[in-house]
Amino acid sequence: MSNIFPKWTNRLPLILLVGGLVAGACVVAGVTYYFTPKYTRVGYEPIQPVAFSHEVHSGQMGIDCRYCHNDVDKSWFSNIPSAETCMKCHTQVLADDPRLAPIRESFEKNKPIPWVQVHKVPDYVYFNHAVHVNRGVSCVSCHGKVNEMKVVQHSKPLSMAFCLDCHRNPHEGVRPHDEVYNLDWEPPAEWSFDREGAELVNKMNVRSSQNCSACHR
Amino acid sequence: MKAPTQKGQVTNASETQYWRSIGQSIGKEEHPDWTDREFPEGASELPENFSRRDFLKLMGASAGLAGAGMLGVGCRRPEEVIVPFGSEQEPGQDYVHGVPMYFATAMPTRTGATPLLAESNEGRPTKVSGNPDCPSVEGSADGFAYASILNLYDPDRARQYTKNGKVFTKRNALDELSEMGSKEGARTAFLMPESTSPSRKRLIRDIQAKYGDRVGFYVHEALDFKIHQRAATEAFGRPIRPSWKLAKASVVLSLDCDFMGAEEGSGHYTCDFSKTRKLAKASDQMSRLYSVEALLSQTGANADHRLRSNASQIALVASYLARKLGIEVPSGSAGVDTGLSDNQTAWLDACLKDLKNHSGKGLVLSGYRQPEAVHILVHRINDALGNNGKTIEFLPVESEETGSLQDLANDLGKFDRVIDLGCNVQYDGGASIRGDAITQRTEFRLTNFKHDESHSSEGIINAPRAHYLESWGDAFTSDGTLVPVQPLIAPLFDAMSELEVLAAFIAGKEKRSTGYEVVQSTFDEIAPEQSWERYLHVGFLQDSQTTPVTAEDLKFSSDVPSIEVAPIKTGEVELIFTRDYSVDDGRFANNGWCQEVPDPITKITWDNVISVSRLTSEELNLKHGEMAELRLGEEKVEAPVWVQPGQADNCLGLPLGYGRTGKLRIANFEYESRPLINNEFFGSEKIPVGGFDFYPLRSHPGVSIVRGGKIRSTGKAYPLSSTQEHWSMEGRPIIREATLAEYRKSEAKRASEIDKEDYNEKHFFPDNLGLGSHARNEGKIYKHPYKANPETQSDMHQWGMSVDLNSCMGCNACVIACQSENNIPIVGKEQVANGREMHWLRIDRYYTGRNHNPQEKDPNGLPLIKAIKDKGQDGDDLQHTEEWIDDPQVVNMPMSCVHCESAPCESVCPVNATVHDAEGMNVMAYNRCVGTRYCSNNCAWKVRRFNYFDYNKRPLENLYDSPMTKPSLFFDWLGDREKSSKDEDEWDLLKLAKNPQVSVRMRGVMEKCDYCSARIQNAKIAKKVKAGASGDVMLKDTDIKTACQSACSADAITFGNLLDKDSAVVAEKANTRTYETLDFLDNGARTTYLAKVRNPNPDMPDAYEKPFSTKEYKASEGHGDEHDHHHHEKEGGH
């Protein structure tokens, strides 16, 4: 009778407890990491086929975002410029620079450059650039300070929670219409979200929808 | 899985007042339980012989898949690249990636053209709709036009240039053509489909001028719509064609003329006719439509008075009317008046009186199936009634010197070769031509389908024929307006148009003109002063419509034709060949949208049937749904029989265009039997799909009515997939209707009582027919979306829709436009039989009978249908004895999600996948849906659609094969999860037709009408983009139209913002005819309907005071006359 349970079973409750805790912690950690909207690509910084620096072009030289991304205010899609756009300047500037060889090749042979996509929302999300940039939401809100990036980095989570934060509080997200493409704009000292922000929302009749249908169709 | 029967609600089939098929009227048909079930049998549960072992196998596989999935999915998203254009010039200056572009073009038809606006996304045409700017048709288009875009992406399209089985290039083919033209002494005959293209005419003229007798031109069409022009030309002795002005007619008599359906250009006729049926208020005038016909057509279904008559006897009707008007019709040897019964003559007398009273405002029409003599008589009748030049105009046309197919067969000896510009004589040439020497003499042809490339005779050159959206062309619309046919995409398989063929034939190798050059130089010839760019931009040549011949110039030149029709002998049948509502003459047979759209009358999908009347089926011993063998001379065809209410006796309706052979993935495929799946539909046999070919029975093309023929039942059952058994709404006044007189009376009474204290809206039409008075008075069952949180409701937009049942003719254009707009898949015949079709919008068609009492009792006092059921009979044999189906009234109702405010579907969704948005719409978040289907269970309108399979990725005939059941598919899936098990060439093409603005749904997701949510969002975005820093973001009517609304030629559908006082939908909903379906549920449906109004003539022998449905409703509800009912309600219900 005494040998029904071997000796090690005395430790079974402890093993179960510890094992259970470890397994539970793993599940919690896994869910927290993978299943929550925070699981995103913040920090993603792929190597691009051409070492284009936004810091130089946009930051130092102050080229407007729309010089290259000229469809951003017309379409849901913010276009990547063709090599022709680059060559508008680079036939004069750094015309023989070896770093620009792929651009020149692309321009001559009409062969597109495969830029690596950094920012991406899932296929079932119908995000629209035009409606944001035309209604007081700056590029910087989702893309971060691209004008300070040597290599473009995924700086915001772009999760559904991230979208909803702003859609629930549009007065904290909008800025004057003519400052949308000014990535360095900071609200003036006297600016208050509840006063100036709300006034702007009111004036523009901003209706940032929080309905499913706004983005999912 | 049976739904519990609720007390106090009408659920027993015996109390049905509308019925959707004969089977239902009698209680049971192929699927007896459907009316009681949430879903049709087999639609929602595992098959019965699905064993525990199978289940474990499946579960094991699922677990394995889940594991593999985790491994395969990986932890990071895959690296993707964005590829810009190499050069800015490449896509064109105006191209903005992600913004659809619109181009004006036109779909050429046999006798005209449908001006269209085509939408192009990323360079691929994805949707067409009527060009609203073109005055000649006012934006109207028929269902065929909306479906035509899928023909561009037909996977079975011809793809290669071949000669003697060897592949070569377009350039080679053009060179060969040039050689054929320049070769001395060689004689060439061209065989062409009908067309109105002035460029083609010009090229033919040039070729004739250059080569003289060495060339001949022959035109072939299986259906003869040119008869209207030929008859008018014959009658008046000058080349003219009639143009009906239905909008100006207040009394219309159609003699076998299905101008709302089978006639070409029906979209525009429907548009015109519906204008005379709009009732903004009770005092408005409304037209009256009489119809004399054999088969129940859409026109007959919408007529105020309908007389059944054999198709061959329409000639007698015409000559009777003509004689009554004092026109001397020479009688043939059989005598003129034989064959018309007293009832018929009484009917015609009263109708003629009405026409005479509306001299100059009446219109008599004859259909394309009728012989030339009838058309000429009808011109004389219209002349005697003073209608010519008023409701019917005659437009001069250029005379043509082309022969027919028969002429070509006769002249064949004169020619060395035939160039075929896209006719399919072997299929639709008729018994005497098919297999004839013409095809053997053919040396060059434009081929429609891939399978044509292989079985070709020696020496023939096959060239893929271009679709109208990928080639240049031009055409004249029905009123003579010149429209361009502008391509939106480079020819997909380098296909060739007929203009290119002709241009190559006339020119040498060096100076061949392209299609573009041909069309442009034609334009320069016709309108040298006008701007070519503007012409292409707007899509028509301004003010180019033909000026009608003045009444003074209209003189009859021919004698009154003699009419000779032998009476139909007992046992003799009449064969009526007709254009099919779904696939035309077969040109849309390989188009999935067309095959799956239910026939507007029979509601059958994927097949055609021999339709027959109740009496004739009894006489000839034919069984509903069983195969019969039809013999005519040497030829015989086997096809299923369908007892069709409202059809004339002694005739068989034979829709053409089905029964294709060769490898066509839609028009001709087979379902394998599947032992694992317990499917009643299949039994153990292979089931072919695609209907039956009646062409062999015709001796010549253009023949529509043939007397004679023998038919006998073979006793073999045939599975037909009809949608009319689905989601039946029993015993409730779903469609409310009144006669015009009744409606006016009710409105007058309303006006006199509206100020009284006890005024009750519900006492007046259409609510007096409703169950509103039977409401539970318990308030709303389901949560109101905004009551608890009013701040969540938008104060700017609240969407709503109104559907005018008086305008809807049931044409299906909206159904196909919806399918095209919203990426709705087709599911195939088998799944339609399971009740799984995906159409977001369906058109319900109900029959009602004059003396039909749904409460009818058998001799034992039991409800008739219950008695039949109790005896264990399924009613199929007895349904033919129901006499009242012979002359039914028909009503149509477009039905899609009505967007309830207190939506039953929302409260049962466990994952909040279907929710209300701020603007009153019930929306689906597909990516949240887990497929419980509770929402569909709880929907009273049965408008939700579930993706039982991945219809987009799996081939129709193998929907049941999945990675879980087939290892090869599993490994494919591991390798590439985007991979489809469809053939690769099909998959590549089908993807191009999708609308990028709408998600393509996968397996396991519920979907339904979302009021074109994507269009609304895009309209709002466009408005906001335009508004910029200003606050002007409210949408107006002009900013947003749903796909169905813009497709509706009859303007039956109005959609808009209920908060906008100026919107059309607000005005429509203020109409007193407005009612809500299932209003007793008190769900606050956002889609409401305007009750139908019929306009009977009290002098007619078949006059009726109330629509049959009212009588049935009263009988079913156990009410007496209306007065009693009214009284009843005042007492406070029962």
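This briefing covers the confidence of the model, one helix and one sheet of chain B. The structure is a predicted model, in which local features need pLDDT of at least 70 and side-chain atom pairs count only at pLDDT 80 or more, while totals for chains, interfaces and linings use all residues. Residues are numbered from 1 along each chain as its sequence is written, and chains are lettered from A in the order in which they are written. The model scores ipTM 0.87 and pTM 0.88.

**Confidence**
- Chain B has a mean pLDDT (the predictor's confidence in each residue, from 0 to 100) of 83, and 85% of its residues reach 70 or more.
- Residues 1-38 of chain B stay under 50 in pLDDT, and the pLDDT is also below 50 over residues 1120-1134 of chain B.
- Where pLDDT is low, the predicted coordinates should not be read in detail.

**Helix α4 of chain B**
- Helices (H or I, at least four residues) and strands (E, at least two) are DSSP runs, numbered from the N terminus.
- The 13 residues of α4(B), residues 170-182, should span 18 Å (1.5 Å times one less than the number of residues), and the end C-alpha atoms are 18 Å apart, which agrees.
- Ala173(B), Leu174(B), Leu177(B), Ser178(B) and Gly181(B) are buried in this helix, meaning that 20 or more other C-beta atoms, placed from the backbone, lie within 10 Å of a residue's own.

**A sheet of chain B**
- Four strands form an open sheet in the order β39-β32-β41-β40 (chain B), with mixed pairing (strands pair if DSSP finds at least two bridges between them).
- Its edge strands are β39 (1053-1057) and β40 (1074-1075) of chain B, each of which pairs on one side only.
- β40(B) pairs with β41(B), residues 1087-1090, in the antiparallel sense over two bridges, and Thr1074(B) has Leu1090(B) as its bridge partner in β41(B).

Technical notes
Buried ≥ 20, exposed ≤ 12 C-beta atoms within 10 Å, placed from the backbone. Contact = placed C-beta atoms within 7 Å.
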